[in-house]
Each structure stands twice: as C-alpha cells, then as structure tokens.
Amino acid sequence: MNAPWEQTANQPNFESLNKDLKTDVLIIGGGMTGILCAHMLHQLGIDYVLCEADTICSGITKNTTAKITSQHGLIYEKLIRQFGVAKAKQYLDANENALKKYRELCRKIDCDFEEKDAYVYSLNHRRKIENEITALERLGIHAEFVRTLPLPFSVAGAVRFKNQAQFHPLKFVAEISKGLHVYEHTRVQTLVGTKAITSQGTIQAKKILVTTHFPFINKHGFYFLKVYQHRSYAIALENAPNVHGMYVDEAPTGMSFRNYENLLFIGGGGHRTGKKGGAWQELRDFAKRHYPNAVEKYHWAAQDCMTLDGAPYIGAYSAGTNDIYVATGFQKWGMTSSMVSAMILSDMVQGKENPYAQVFSPGRTILRPQLAVQVLESAFNLLTPSTKRCPHLGCALKWNPDEHTWDCPCHGSRFTKEGTLIDNPATKGLKTHP
C-alpha cells in the first residue's frame with residue numbers, strides 16, 4: 001500500500017541526535033512543511049535544527065497526490081462570507097505566491113514539475129460553481145466556467161484555474177533537503193518552555209516551529225477542539241486515459257483525478273478518521289465501470305487535518321506560549337499550504353510582519369458550526385466503553401477493516417493491529433498485555 005513516489009525517488013539519510021545542543025530555531029516535524037521551513041531559514045543564514053521522529057517526509061507527504069494550486073475546492077466564496085473580502089484576498093495571494101515560489105525552485109530541480117489547469121466541478125449544483133466564480137471576480141481573478149470535462153460523467157459545471165501545477169514531491173524533497181541541519185529518528189517527547197526533550201538529548205532553542213501535522217501540545221491552543229482528521233484513498237491505473245488537468249469534486253465525498261506519467265490517479269472514498277467510508281472499493285468499482293481495460297498499479301491512503309472554518313492555522317501556537325509557532329489544518333491542500341507556512345513562519349521568527357498572516361491566525365474565533373460536531377464527537381467517544389483507548393486523550397478506538405488499523409474518531413491518531421503508533425497526535429503506541 002504505497003503511492004508511486006517512494007518507488008521512484010531516493011531519499012537522503014540523516015543521523016540521529018546524540019548530544020545536547022543549542023539553536024536559535026527548532027523545527028519539530030520533517031514533512032514538507034518542516035523541510036521548507038528549514039530550507040528558508042538555511043537560505044537566510046538563521047541558526048536552526050530540524051528533528052523528525054522517523055525519516056523525512058515518511059508520514060503524510062509521501063502519500064500526497066502532489067497538486068500545487070491556489071484553488072482549494074470552492075473556498076473563496078466561503079472565505080468572503082466568513083472573513084470578508086480583504087482576508088479572502090490574503091488567502092488567495094498567499095497561495096498564488098506559494099505556487100510562484102515552487103515554480104522558481106523547480107526550475108533548478110528535476111522533480112517532474114508540470115503546469116496544469118485545475119478544475120473544481122459539481123455534479124448537480126451549477127449555482128455553487130457560479131457563486132465561486134463571482135467570488136473570484138471580487139478578488140480580481142478571472143476564472144472560467146466550464147460545462148464539460150474529459151471525465152466519464154456529466155457535470156453541472158466546473159471552475160477552471162489556469163496555470164496551476166503538479167510534481168513529484170519526494171524528488172523535490174530529495175534535492176531541497178541536501179545540506180539541511182536535520183536529525184532523523186529523533187522524537188521530541190516533551191517541551192519545557194523552549195527546551196525540547198528527546199531520548200537522545202535535549203535541544204535548547206530560542207524559538208520553536210511545530211510542524212508535526214497535528215499539534216502535539218494539548219494544554220495550549222485547544223487544537224483538540226479546533227482540528228480533526230480525515231482519511232482519503234487513491235488508486236493509480238495503467239491503461240487509463242490522460243485527463244489533461246487536475247480535477248476535484250466540490251462535494252466532500254466526491255472524487256479527484258490527475259495523471260502522472262502513464263498513470264491515472266483517482267482519489268475518493270473518504271471519511272472522517274475512525275468512521276466508515278467507501279475506501280478503495282468505491283474507487284475500484286468506479287474504475288471497473290468506466291475504465292474496464294485499466295490495471296491497478298498502486299493503491300494508498302492519506303490523512304489530512306481539517307479546521308473549523310476551512311483555513312489552516314499558521315502562526316503563534318497560542319496566547320500562552322511565547323516563541324512557539326504552529327502550522328496545521330491544511331484541508332487536503334498540503335503542498336501550497338506547506339509553502340505558505342514556511343513563508344509566514346520564517347518571517348515570524350525574524351520578528352517580521354507577514355502580509356498574509358492574519359487570515360491564518362490560530363487565535364481566530366472557534367465559534368463555528370463545526371465546533372459543536374467536534375465537542376459531540378469527542379464526548380460520545382470518550383463515553384464509549386472499549387478496551388482500546390487512544391493514549392492522546394482517551395477516546396475509544398475504532399477498528400478500520402480496510403487498513404487493518406485502530407483509528408481514533410476524535411482526533412485521528414492511528415495504530416497498527418499490534419498497537420504501534422502510525423499517525424499523531426498521540427505520541428506513543430497502545431499498551432499491550434501479554
């Protein structure tokens with residue numbers, strides 16, 4: 001169960017921490033966000049260290065579908081409604097600049113970077129597409145309404161963003177991580193102020209960037225209320241058509257499509273972590289109906305952090321934690337959001353004001369409809385009797401029959417059948433009894 005990226009890229013290796021040290025900036029988490037933060041600090045000549053509990057980009061990044069786009073579903077009408085035009089424009093400009101930064105970096109890196117148009121389609125709701133185009137026009141962007149797509153079904157309409165991109169994420173990381181100050185197999189167990197405690201030594205930092213996908217410090221920031229996780233599934237097919245673009249359904253349970261070399265990626269079957277969904281069977285049934293001559297080459301799954309209002313949390317970890325910053329809640333758009341995070345956080349550690357920071361502030365209101373869902377979900381699972389409890393905050397775990405894992409429906413931690421930790425925010429595996 002692997003995406004094609006690991007089979008087609010050679011990742012560098014880094015040693016583990018074996019001493020105590022001091023640094024100006026400690027980055028915790030070596031996914032795409034942490035690597036880009038390290039790259040930017042390295043370019044600026046700022047003293048930093050990155051610690052990764054496993055190996056770099058071995059978590060969520062290796063399972064991305066690797067679309068680089070400022071089109072994040074039908075996001076802009078929603079942002080204008082919730083935050084106003086000015087903040088929605090901040091979000092758009094931040095992601096447009098992230099795309100520009102990738103384009104500049106990838107000119108010097110062999111990472112299969114390709115410019116592609118991106119589409120969000122709706123099967124039944126033309127008005128939603130029209131409303132998004134109106135919102136984009138208010139933000140100064142001309143987006144095109146499209147009536148037909150090269151997909152095996154009809155749509156009510158789609159909005160097209162031209163000149164977006166896709167790439168090979170691990171080829172990109174393999175090149176950009178060369179020479180960075182990284183310690184692999186070095187898990188940060190706890191923080192005491194801005195001192196990080198690991199099993200191999202301590203790291204005293206002036207500032208800390210938490211880029212661990214889901215924030216692991218529970219007592220600050222209320223991330224256990226503000227963030228939940230979502231599973232999504234993908235298959236890669238040979239002998240399937242080239243769809244000449246990147247496509248995503250506006251519906252939460254819809255499908256996505258893109259090509260890579262001779263493969264067609266189909267994504268979908270998603271559900272909240274710990275719940276039930278269509279998973280790979282839904283995708284395979286679709287492929288059998290519409291691409292009967294195709295052959296499945298790869299299948300894999302990914303996990304994404306979702307926020308209460310649809311925008312990531314990037315900035316100060318909380319009002320009560322000085323010099324600690326966070327990036328999380330990328331809503332399935334991790335590639336551009338990682339670059340946005342690196343741009344914002346590299347400014348913040350220098351004491352600079354970033355023009356995009358306000359819309360992403362983790363300190364914004366949590367009074368959104370999704371908050372009630374979060375509270376009820378957590379309360380229900382905390383009260384559910386079960387011998388399998390998540391060590392994060394004690395929720396009852398659910399068995400995932402598709403992936404043969406124990407999953408937490410509250411916050412998304414996942415464990416193997418034997419109890420080994422797979423995905424955070426838990427920081428340790430399950431207790432096992434002989």
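In the lists of lining residues below, Ala, Val, Leu, Ile, Met, Phe, Trp, Tyr, Cys and Pro count as nonpolar, Asp, Glu, Lys and Arg as charged, and the others, Gly among them, as polar. The structure is a predicted model, in which local features need pLDDT of at least 70 and side-chain atom pairs count only at pLDDT 80 or more, while totals for chains, interfaces and linings use all residues. Residues are numbered from 1 along each chain as its sequence is written, and side-chain values use heavy atoms, with hydrogens and water left out.

**Exercise A: enclosed space**

Task: Determine how many cavities of 30 Å³ or more the whole structure holds, and describe which residues line the second largest cavity and the largest cavity.

Solution. The search works on a 1 Å grid over the protein atoms alone: a cavity is a set of points where a 1.4 Å probe fits but cannot get out, a pocket is an open set with protein on both sides within 12 Å along at least five of seven lines, and lining residues have an atom within 4 Å of a point. Grid points are joined across faces, edges and corners, and a volume is the space filled by probe spheres set on the points.

Step a. Over the whole structure, 2 cavities of 30 Å³ or more are found.

Step b. The second largest cavity, with a volume of about 30 Å³, is lined by Thr-65, Lys-67, Ser-256, Phe-257, Arg-258, Phe-265, Ile-266 and Gly-267. Strand S13 (256-260) and strand S14 (263-272) each supply at least two of these residues, strands and helices being DSSP runs numbered from the N terminus (E, at least two residues, for strands; H or I, at least four, for helices). Sorted by class, this lining has 3 nonpolar, 3 polar and 2 charged residues.

Step c. The largest cavity contains about 40 Å³ of space, and its lining consists of Lys-67, Thr-69, Gln-71, Ala-118, Tyr-119, Met-246, Tyr-247, Val-248 and Trp-333. Strand S12 gives the most to this lining, with 3 residues, and the residues divide into 6 nonpolar, 2 polar and 1 charged.

**Exercise B: the second largest pocket**

Task: Which residues lie nearest the centre of the second largest pocket, and how does its lining divide by class?

Solution. The second largest pocket holds about 350 Å³ of space. Of the 19 residues that line this pocket, Thr-190, Leu-191, Phe-216, Ile-217 and Lys-219 lie nearest its centre. Strand S8 (residues 188-192) provides the largest share of the lining, 3 residues, and the classes come to 7 nonpolar, 10 polar and 2 charged residues.

**Exercise C: aromatic pairs**

Task: Find how many aromatic pairs the whole structure contains, and examine the pairs Tyr-76 with Phe-161 and Tyr-119 with Tyr-247.

Solution. Rings of Phe, Tyr and Trp (its six-membered ring) pair if their centres lie within 6.5 Å, and planes under 30 degrees apart count as stacked, over 60 as edge-to-face and the rest as tilted.

Step a. The whole structure yields 21 aromatic pairs. In one of them, Tyr-76 and Phe-161 are stacked, at 6.5 Å centre to centre with 15° between the planes. Because Tyr-76 lies in helix H2 (residues 75-83) and Phe-161 in strand S6 (residues 157-166), the pair ties together parts that are 85 residues apart in sequence. Both Tyr-76 and Phe-161 are buried, a term for under 20% relative accessible area, with exposed meaning over 50% and partly exposed in between (1.4 Å probe, protein chains only).

Step b. Tyr-119 and Tyr-247 are also stacked, with 4.7 Å between centres and 10° between planes. This pair links strand S4 (residues 114-122), which holds Tyr-119, to strand S12 (residues 246-249), which holds Tyr-247, across 128 residues. Tyr-119 and Tyr-247 are both buried, and both appear in the lining of the largest cavity.

**Exercise D: helix H1 and positive phi**

Task: Compare the expected span of helix H1 (residues 32-44) with the distance between its end C-alpha atoms, and decide whether Phe-222 and Ala-279 are buried or exposed.

Solution. The expected span is 1.5 Å times one less than the number of residues.

Step a. With 13 residues, H1 should span 18 Å, and its end C-alpha atoms are 18 Å apart, which agrees. In H1, 10 of the 13 residues are buried, and just after the helix Gly-45 takes a positive phi of about 80°.

Step b. Phe-222, although not a glycine, has a positive phi of about 55°; Phe-222 is found in the loop between strand S10 (201-210) and helix H6 (223-226) and, at 51% relative accessibility, counts as exposed.

Step c. Ala-279, in helix H7 (residues 279-290), has a positive phi near 50° and counts as buried, at 0% relative accessibility.
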